[in-house]
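Please open the model in a viewer and keep the selection panel at hand. The tour proceeds by selection, with a short description at each stop.

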Amino acid sequence: MTPESHSMTGTDDPLLGPPPGCPAHGLGPGGLHRLYGPDAADLESLYENLRDQHGPVAPVLLHDDVPIWVVLGHAENLHMVSAPSLFCRDSRIWNPLLEGMVKPDHPLMPHIAWQPICSHAEGDEHLRLRAAVTGAMSTIDHRGVRGQINRYTQRLVNRFCEEGTADLVSQFAEHLPMAVMCEILGMPDEYNDRIVEAARDLIRGTETAIASNAYLMDVLMRLTARRRAQPEEDFTSHLINHPARLTDDEVGQHLRVVLIAAYESTANLIANVLRMVLTDPRFRAQLSGGQMTVPEAVEQSLWDEPPLSNVLGYFAKQDTELGGQRIRKGDGLLLGIAPGNVDPRVRPDLSANMQGNRSHLAFGGGPHECPGQDVGRAIADTGIDALLMRLPDVQLDCDEDELEWRQSMASRHLVELPVHFAPKPPQDVTQKPSHAPVLPQRATWHVGTSQPQPTPTPAAPAPQPAAPPQYPAPTTPEPARPMGAWQRFLRWWRGY
Ligand code: HEM
C-alpha cells in the first residue's frame, strides 16, 4: 500500500529521490514507477509488480514524472467509470495541470487538453453531445455496413492477392476501418492512402501530426458544410440534424473523435485477432473443429489484448477511497483496461476460455462507455471472416517470436503481420468474398461457423499459374442442401 503521505496532487516534493545505494534507484521521485521510458519496457510485468506492491490501485508517474494513479482492479475500474459524482473526465480539475506540473508541450497533451467534445464533457453537456452521437449512430444500417465491409475487404485483398505475400497491418487492418468509417460518415470519396496516413500521424504524434490534423479537419469541415446545405442519409447529416443542435464546429470535432476513435482501436483489434487466428493453436483447432466463430475469437482478443490498454484519464471530483487508496480531490486516474482485464480476482486462470463473457473493459463503461462498439465489432468480425474466405491458405511469414510490437501506455500494437499464401486473381468487389477459384491448402479451415463444412475436392497445390486474372472471378457456388437454422442466422448476421 502507498504510505498515507503520498500525494497524487503533486504537493509531495517531486524532486526527492531515493538515498544513494537505495534499491529504488532507477525509479522516479517518491520511489514511484514510471509508465514511460526504460522502466516501462515490459508494462505487463510492471502492472503485476504494482498489483503485488499496492493492490488494485497504484501510484505511478507519467512523462515528466507527473503523478497519477493507475487502476489495476477490474471492479475498481468499473466502480470508477460508473460513479460520475466521484470521478469525471474533465481534466480542468486535475491538480498537476492546475499547479503547472504539466507543461503545454507535455507529450500527452493531446489526450489531456480539455476540448468541448463528448469524451471530456460531463453532466447535461455530456448528455447533449452524446445524444447527438448515439442518435446518429442509431441510424446506421448495420446490414448495409456489413455489405460495405465485404466490398472493401474484396478491394483491399485485390490490391495484394496476386503477390502471394502481404503485411496485414499496413495493407489491411489499418485500411479497412478507415474505408468503412468514411462510407458511414458520408465521404466515401475521401477514403484514400492520404487519409489513412493522416490518422496514423495523429495517433503517433509525429512531426507532421499538426499538418495531418489540419488536413483531416479541413476534409471534415467541408463535409459538414455540404451536409448542412444538403442533408443526405448518412451519419454526418443525422449528427447535424439531431435536436441537440450541434454547431458546425461541434459537428466537425465530433466527426474527428468518431473517426479517430474508430480507426485506431478497430485497426488494433483486427491485427490482434488475425495474429491470434494465425498463431494460436487453440483458435486454429477450434476454428477448424467448428467450435469457435470469428466473433468469439474477437471477444477473446478483447480480453487478452484490448485495442486500447489505458485511457487517460478520469479525475476525482472530491476526496474519496478506491481500492484501499486515499484519493484526493483533483487526483488523476488511468482507466486500466489491460491490467483490469487480467485481474486475478476475475481471471484466476488466464488460459481459460472467456467464450460468451463480454464483461471485459475494452470499451470502458458507465456514461462514457464506447458508443461505437457494435460498429467496431462488425468491422472486425465481418472483415476478418471475409479475408479468411479470400485467403483460406494464409500463413504467418515469420516465426511468431519475430513479430514486433510497439508499446506505449495507451496501446500495444503489432508493427507488421507478414503473411504468405498462394497467389490468387482479384475478385469482383460486388461479389461475396470466397476462396474460388483457388482451393484452400488448409482444407480444414471453416471459419465463422459451427457447422461442419463439406470437404473441398482435393486440388493441385499452389503455386498458381501466372494466368491473367479473370473479371469477375467465379465465386463459390452455394451448397445445394437446405440451410440449417444456424447457417441461416450466420448468413443474416453477415449481411448476405
Ligand atoms: C474495437 C473497437 C473499439 C474499441 C476497443 C473502443 C474503445 C473505446 C474506449 C475504451 C472508450 C472510452 C470509454 C470510457 O471513457 O469509459 C471509447 C470511447 C468512445 N468511442 Fe470507442 N472503441 C472502439 C470503436 C469505436 C468506433 C467504431 C466508434 C465510432 C463509430 C467509437 C466511438 C467512440 C466515441 C465517440 C467515444 C467517446 C464516448 C464518450 O465519451 O461519451 N469507438 N471507445
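**First stop: the six-stranded sheet.** In this predicted model, six strands make up an open sheet with mixed pairing, arranged in the order 1-2-3-9-6-4. Select strand 1 (33-34) and strand 4 (87-88), which stand at the edges; each has a single partner strand, so one side of each lacks a neighbour in the sheet. Next, select strand 6 (residues 310-316) together with strand 9 (residues 332-336): the two run antiparallel and are joined by five bridges. To inspect one partnership, display Phe315, whose bridge partner in strand 9 is Gly332.

**Second stop: helices on this sheet.** Add helix 1 (residues 43-54), which packs on the sheet and touches strand 1, strand 2 (57-62) and strand 3 (66-71). The direction of helix 1 makes about 130° with that of strand 2. Then add helix 2 (residues 74-81), which lies across strand 2, strand 3, strand 4, strand 6 and strand 9. Relative to strand 9, helix 2 runs at about 120°.

**Third stop: the surroundings of the ligand.** Which residues come nearest to the ligand? Of the 29 residues around the ligand, they are Ala262, Gly364, Cys370, Gly372 and Gly376. For the wider shell, colour helix 5 (123-138), helix 12 (248-279) and helix 16 (373-390), the elements that give two or more residues to it. Helix 12 gives the most, with seven residues. By residue class, the shell around the ligand divides into 17 nonpolar, 10 polar and two charged residues.

**Fourth stop: a helix pair.** Select helix 6 (residues 142-160) and helix 8 (residues 176-185), whose axes come within 10 Å and cross at roughly 135°. Helix 6 is therefore oblique to helix 8. The crossing of helix 6 past helix 8 is right-handed. To see the contact, show Val145, Gln148, Ile149, Tyr152, Thr153 and Leu156 of helix 6 against Leu176, Ala179, Val180, Glu183 and Ile184 of helix 8. These contact residues comprise eight nonpolar, two polar and one charged.

**Last stop: the three-stranded sheet.** Here three strands form an open sheet in the order 5-13-10, and the pairing is antiparallel. Select strand 5 (165-167) and strand 10 (395-396), the edge strands, each of which pairs on one side only. Finally, bring in strand 13 (residues 418-420), which pairs with strand 10 in the antiparallel sense over two bridges. Centre the view on Gln395, whose bridge partner in strand 13 is His420.

Definitions and conventions: Residues are numbered from 1 along each chain as its sequence is written. This is a predicted model: local features need pLDDT of at least 70, side-chain atom pairs count only at pLDDT 80 or more; totals for chains, interfaces and linings use all residues. Axes are lines fitted to C-alpha atoms, for helices over the stretch in contact, and angles run from 0 to 180 degrees between N-to-C directions. Helices (H or I, at least four residues) and strands (E, at least two) are DSSP runs, numbered from the N terminus. Angles under 35 degrees count as roughly parallel, over 145 as roughly antiparallel, 65 to 115 as roughly perpendicular and the rest as oblique. A crossing is left-handed if the near helix is turned anticlockwise from the far one by less than a right angle, and right-handed if clockwise. Two residues are in contact if their C-beta atoms, placed from the backbone, lie within 7 Å. Ala, Val, Leu, Ile, Met, Phe, Trp, Tyr, Cys and Pro count as nonpolar, Asp, Glu, Lys and Arg as charged, and the others, Gly among them, as polar. Two strands pair if DSSP finds at least two bridges between them. A residue is near a molecule or strand if its C-beta atom, placed from the backbone, lies within 6 Å of it.
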